[in-house]
Structure formats: C-alpha cells, structure tokens
Amino acid sequence: MKATHLLRAVARRVAAAVAVLLGAATVAFAALQLIPGDPVTTMLGPFSSASPEVRARIRAQYGLGEPVWRQYLHYLGHLLRGDLGESYQVQRPVGSLIADQLAPTVQLALSALAVALLLALLTAVATAGRRRLLRGASSLLELLTVSSPSYWTGILLLTAFSFHWQLFPVAGAQDGTALVLPALTLALPMTGVLAQVLREGLETALHEPFAVTARSRGLSGTAVRLRHAARHAALPLVTLTGWLAGSLLGGAVLVETVFGRPGIGALILQATTNKDMPLVIGLVLLSALVFVVLSTLVDLLYLVIDPRLRTDQVTP
C-alpha cells in the first residue's frame with residue numbers, strides 16, 4: 001500500500017514537472033511572437049547582412065508564413081525531438097552550443113554547492129545553541145557574505161590569493177586549482193543563507209524531548225546535533241538548497257565573467273548581447289529544465305527524509 005502511495009506521489013510530481021516545462025516553452029514562443037518587427041530580423045540581429053535567400057530559408061524553417069497555432073505545434077514538435085533550432089549568429093545548432101559549454105558550468109555549480117553545504121553544516125553545528133557572542137559573530141559573518149555581490153567577492157579573492165600570494169591562477173579552466181576561487185565565490189553567499197536556516201532548525205530541534213533524552217543518555221552536544229537534531233532540521237535545508245542550486249545558473253554568469261571561465265554564463269552573455277533569439281530561447285528552456293529537475297528531486301527527497309509524507313492524507 002505504501003508503495004502505491006509512493007508511486008502516486010512520484011507520478012504527480014513528474015506530471016507537474018512536464019506541465020512547467022510546457023509552460024516555459026509556451027512563454028518562450030509567445031515572447032518571440034510578441035517582439036515587434038520582423039521575426040527573422042529579430043533572430044538574425046539588427047546588424048546582420050544575411051542575404052534574402054538565407055532569410056527565406058529561415059522563414060520556411062520556422063513556418064513563419066503559417067498561422068500562429070500551426071507555428072506553435074511546429075515549434076513543440078521540434079522541441080519533442082530535441083531540436084532547439086540553429087543559432088544564426090554562429091551558424092551552429094543551439095543544442096550543440098549548449099552541450100559544449102555545459103560541462104564547465106556543471107562542474108562549477110556542483111563544486112560550489114558541495115562547498116556551501118559543507119561550510120553551512122560546520123558553521124551551524126558549531127554555533128547552534130552556543131554562547132550569544134559566538135552566534136552573533138557567526139551571524140554577522142553570514143550577513144556579510146550574503147549581502148556582498150558575487151563579482152565583488154570574486155575580485156577580493158583574486159586580489160588576495162592570485163595577485164598577492166599567487167596561490168591560484170587568475171583566469172581560465174586549465175586544472176582543478178582554477179576551480180577553487182570561482183567555486184568559493186559562488187558558494188559563500190549560499191553558505192550564509194544555508195547556515196542561518198540550518199542553525200535555526202537545529203536550535204528548535206534541540207529543545208524537543210528526544211534531544212533531552214539523548215543528552216540524558218550521556219551523548220555529547222555535537223553528537224546530539226549530528227545524530228538526532230540534523231534530521232529534523234533537514235527539510236527546510238533541502239527546500240532552500242534546491243532553490244539555491246537552481247539559481248546557480250544565473251550566478252554563474254558573473255562569476256565566469258570575472259574569472260574568465262568558459263561555460264553557460266559566458267554563452268548567456270553572448271546570446272543576449274547579440275540578440276541571438278534561438279540561443280536565448282534554448283537557454284531559457286535549459287534554465288526551466290534545471291529548476292524542474294531540482295524541484296522534483298527535492299520533492300522526492302522529502303519522501304525519503306519524512307516517511308509521514310508518503311501517505312495521501314498529509315502529502316501536499
């Protein structure tokens with residue numbers, strides 16, 4: 001019976017994810033339709049010198065002479081086949097351009113997420129329920145990391161660790177050392193937010209009867225936090241981690257620019273600067289896909305962390 005409930009919950013979340021993706025694709029299509037002027041000129045950019053033959057080929061490929069509803073179905077049909085169109089600025093398929101730049105960004109995002117979670121866990125466990133002076137100093141440091149813009153943090157780290165002490169390369173993605181400063185730049189604001197949420201959850205859990213019982217059995221304060229309180233504080237942390245991980249794509253734009261790294265951030269900057277609409281739409285759909293996948297994984301993780309959510313009565 002529990003397996004049936006679990007399958008229903010999974011099916012509902014997958015259906016919701018498909019609906020969100022369809023909505024993102026529809027909004028992207030509508031945005032292209034609502035832009036004033038000739039859509040072919042919009043795709044090519046205002047400074048394009050494409051010949052009339054090329055413009056006619058684009059018009060035929062996108063079915064721009066057909067009714068809007070037929071263009072929409074044509075557009076969805078291409079998406080279902082994994083065809084995101086072609087960038088006419090660089091004369092290459094959009095899917096190929098995104099695939100070429102995806103690995104450095106995924107590497108950066110996963111590294112930043114791992115660093116943020118580790119630092120937040122260490123900070124929260126070390127300060128939850130401790131003396132006010134220690135908690136206040138930690139909160140002040142977290143506030144500074146959250147309120148500082150990523151590009152400013154990156155410049156400070158570059159100045160100290162690359163220009164002054166010469167411990168890490170200034171730019172590029174040639175090896176693992178080139179990943180340290182960009183990952184730390186992206187991770188520090190997330191660490192501040194995650195540490196505050198996790199510490200509040202731990203302090204609430206430490207006042208629950210099970211924590212008092214664990215301490216009465218002789219467990220140390222750190223052991224009670226890690227073995228018992230951390231599980232109860234995990235749900236808000238998982239929710240926030242999923243949201244922050246989805247926003248990493250936008251944060252990577254500035255960080256990859258500051259550190260001169262290849263990746264999706266640099267591609268977004270190039271696409272928006274050149275008004276390369278097929279590439280912009282492809283990146284919008286990629287961003288929506290990342291959010292949908294992460295949200296679905298977070299929802300499914302709820303079912304693993306808290307078994308009470310596996311019943312229909314309490315499943316949101």
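Of the contacts in the protein with a separation of 6 or more, 72% are between residues 24 or more positions apart. The model is a predicted one, and the protein in it has 13 helices and 2 strands. Buried residues account for 37% of its 316 residues, while the accessible surface comes to about 17200 Å², with carbon and sulfur atoms contributing 69% of that area.

**Annotated spans**

- According to the unreviewed UniProt entry, the annotation "transmembrane region" applies to residues 106-128, 140-165, 177-198, 234-259 and 279-305.
- In the model, residues 106-128 are 96% helix and 0% strand, and the C-alpha atoms at the two ends of this span are 32 Å apart.
- Residues 140-165 are 88% helix and 0% strand, with their end C-alpha atoms 27 Å apart.

**Helix H8 and its contacts**

- Ala195 lies in helix H8, which runs over residues 177-206, and its relative accessibility is 1%, so Ala195 counts as buried, the cut-off being under 20%.
- Leaving out residues up to four places away in sequence, Ala195 touches Ala120, Thr123, Ala124 and Glu142.
- For one of these partners, Ala124, the C-alpha atom is separated from that of Ala195 by 5.3 Å, although the two residues are 71 residues apart along the chain.
- Thr191 is also placed in helix H8, and at 9% relative accessibility Thr191 counts as buried.
- Once neighbours within four places in sequence are set aside, Thr191 is in contact with Val115, Ala116, Leu119 and Ala120; Ala120 also appears among the residues that Ala195 touches.

**Salt bridges**

- The structure holds 3 salt bridges, and each is described below together with the accessibility of its two partners.
- Glu142 and Arg199 meet through their side chains in a salt bridge, with an N to O distance of 2.8 Å.
- This pair links distant parts of the chain, since Glu142 belongs to helix H6 and Arg199 to helix H8, 57 residues apart.
- Both partners fall under the 20% limit for burial: Glu142 is buried with a relative accessible area of 5%, and Arg199 is buried with a relative accessible area of 3%.
- Glu142 therefore combines a buried position at 5% relative accessible area with the salt bridge to Arg199 and a contact with Ala195.
- Glu203 and Arg135 form a further salt bridge between their side chains, at 2.6 Å from N to O.
- Here too the pair links distant parts of the chain, with Glu203 in helix H8 and Arg135 in helix H6 (residues 132-147), 68 residues apart.
- Glu203 is buried, its relative accessible area being 17%, whereas Arg135 is partly exposed at 26%.
- In the salt bridge between Arg92 and Asp100, the closest N and O atoms are 2.5 Å apart.
- Arg92 counts as partly exposed at 32% relative accessibility, and Asp100 likewise counts as partly exposed, at 44%.

**Helix H7 and the nonpolar surface patch**

- Tyr151, Trp152, Ile155, Leu156 and Leu254 form a nonpolar patch on the surface, and together they have about 490 Å² of accessible area.
- Helix H7, spanning residues 150-164, supplies the largest share of this patch, namely 4 residues.
- Ile155, one of the residues in the patch, is found in helix H7 and is partly exposed, with a relative accessible area of 36%.

**Aromatic cluster**

- A search of the whole structure finds 2 aromatic pairs.
- Phe161, Trp165 and Phe168 are linked into a cluster by ring pairs.

**Backbone at Gln166**

- Gln166 is located in the loop between H7 and H8, and with a relative accessible area of 64% this residue is exposed, because the cut-off for that class is over 50%.
- Gln166 has a positive phi of about 55° although it is not a glycine.
- Most residues other than glycine have a negative phi.

Terms used: Residues numbered from 1 in each chain as written. Predicted model: local features only at pLDDT ≥ 70, side-chain atom pairs only at ≥ 80, totals over all residues. Heavy atoms only, no water. Buried < 20%, exposed > 50% of the residue type's maximum accessible area, 1.4 Å probe, protein only. Contact = heavy atoms within 4.5 Å. Patch = residues over 30% accessible without salt bridge, like charges linked within 9 Å, V, L, I, M, F, W, Y side chains within 5 Å. Areas by Shrake-Rupley, 256 points an atom, 1.4 Å probe, with all protein chains shown as cover. Salt bridge = Lys/Arg side-chain N within 4 Å of Asp/Glu carboxyl O. Phe/Tyr/Trp six-rings, centres within 6.5 Å; stacked < 30°, edge-to-face > 60°. UniProt positions renumbered as here; feature names shortened; annotations may be inferred.
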